[in-house]
Amino acid sequence: KRTHPIATVRQEIDRIQAGLRFRAVQNLQKALDLPLEKIASVLGMSRATLHRRKLQGKIDKGESEKLVRYQRLLAKAEGVFGDAANAREWLTRKQTGLGNVVPLDFAKTEIGAREVENLLGRIEYGVYS
């Protein structure tokens with residue numbers, strides 16, 4: 001686990017609270033190769049909100065926090081599975097270790113995201129059951 005100097009963590013918190021640029025949503029959408037509506041859904045945005053955020057060029061604090069959570073899970077999955085394609089495949093398919101729920105859907109809450117991270121950790125260390 002990487003440790004961040006507190007200044008870096010504070011910068012990240014400030015960025016999230018200010019709201020990330022809409023481009024970050026598009027980057028996540030490309031990385032996961034999913035329709036923008038699906039990304040909006042996991043971030044808790046309606047279609048109308050998605051459209052409004054696109055026009056505004058930024059997303060709000062809550063949406064930014066969720067987006068950072070998904071970026072973290074994607075990075076963790078890429079580390080476990082070795083590349084973006086395998087990570088994307090795993091994150092978007094039902095997993096028995098999550099009760100046959102898709103990890104992206106399971107991670108809509110922080111507690112769910114932690115469970116996805118725990119499962120990835122078990123897979124990484126070969127104690128997957």
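The legends below describe close-up views of a predicted model.

**View 1. Helix 5 from its start to the residue just after it.**
Helix 5 spans residues 61-81. Its 21 residues reach 30 Å from the first C-alpha to the last, close to the 30 Å expected at 1.5 Å a residue. At the start of helix 5, the backbone nitrogen of Gly 62 has a side-chain oxygen of Asp 60 within 3.1 Å. Just after the helix, Gly 82 adopts a positive phi of about 90°.

**View 2. Buried residues of helix 5.**
The buried residues in helix 5 are Glu 63, Ser 64, Leu 67, Val 68, Arg 69, Tyr 70, Leu 73, Leu 74, Ala 77 and Val 80. Leu 73, Leu 74 and Ala 77 also take part in the contact with helix 6, which is shown in View 3.

**View 3. Packing of helix 5 against helix 6.**
Two packed helices are described by the angle between their axes and the distance between the axes. For helix 5 and helix 6 (residues 84-91), the angle is about 115° and the axes are 8 Å apart. The crossing of helix 5 with helix 6 is right-handed. Helix 5 contributes Leu 73, Leu 74, Ala 77, Glu 78 and Phe 81 to the contact, and helix 6 contributes Ala 84, Asn 86, Ala 87, Trp 90 and Leu 91. By type, the residues of this contact are 8 nonpolar, 1 polar and 1 charged.

**View 4. Surroundings of Glu 63.**
Glu 63 is part of helix 5. Its relative accessibility is 5%, so Glu 63 counts as buried, the cut-off being under 20%. Leaving aside residues up to four places away in sequence, Glu 63 touches Leu 43, Met 45, Thr 49 and Arg 53.

**View 5. Thr 49 in helix 4.**
Thr 49 belongs to helix 4, which covers residues 47-56. Thr 49 counts as buried because its relative accessibility is 13%, and the limit for buried is under 20%. The side chains of Thr 49 and Ser 46 are joined by a polar contact of 3.0 Å. Thr 49 is also among the residues touched by Glu 63 of View 4.

**View 6. Gly 44 in the loop between helix 3 and helix 4.**
Helix 3 (36-42) and helix 4 (47-56) are linked by the loop that holds Gly 44. With 57% relative accessibility, Gly 44 counts as exposed, since exposed means over 50%. Gly 44 and Thr 109 lie 65 residues apart in sequence, while in space they are 10 Å apart, C-alpha to C-alpha.

Terms used:
Residues numbered from 1 in each chain as written. Predicted model: local features only at pLDDT ≥ 70, side-chain atom pairs only at ≥ 80, totals over all residues. Heavy atoms only, no water. Axes fitted to C-alpha atoms, helices over the stretch in contact; angles between N-to-C directions. Helix = DSSP H or I, 4+ residues; strand = E, 2+ residues; numbered from the N terminus. Left-handed = near helix turned anticlockwise from the far one by under 90°. Contact = heavy atoms within 4.5 Å. Nonpolar A, V, L, I, M, F, W, Y, C, P; charged D, E, K, R; others polar. Buried < 20%, exposed > 50% of the residue type's maximum accessible area, 1.4 Å probe, protein only. Expected span 1.5 Å × (residues − 1). Polar contact = N/O pair within 3.5 Å; in protein donor to acceptor, adjacent residues only side chain to side chain.
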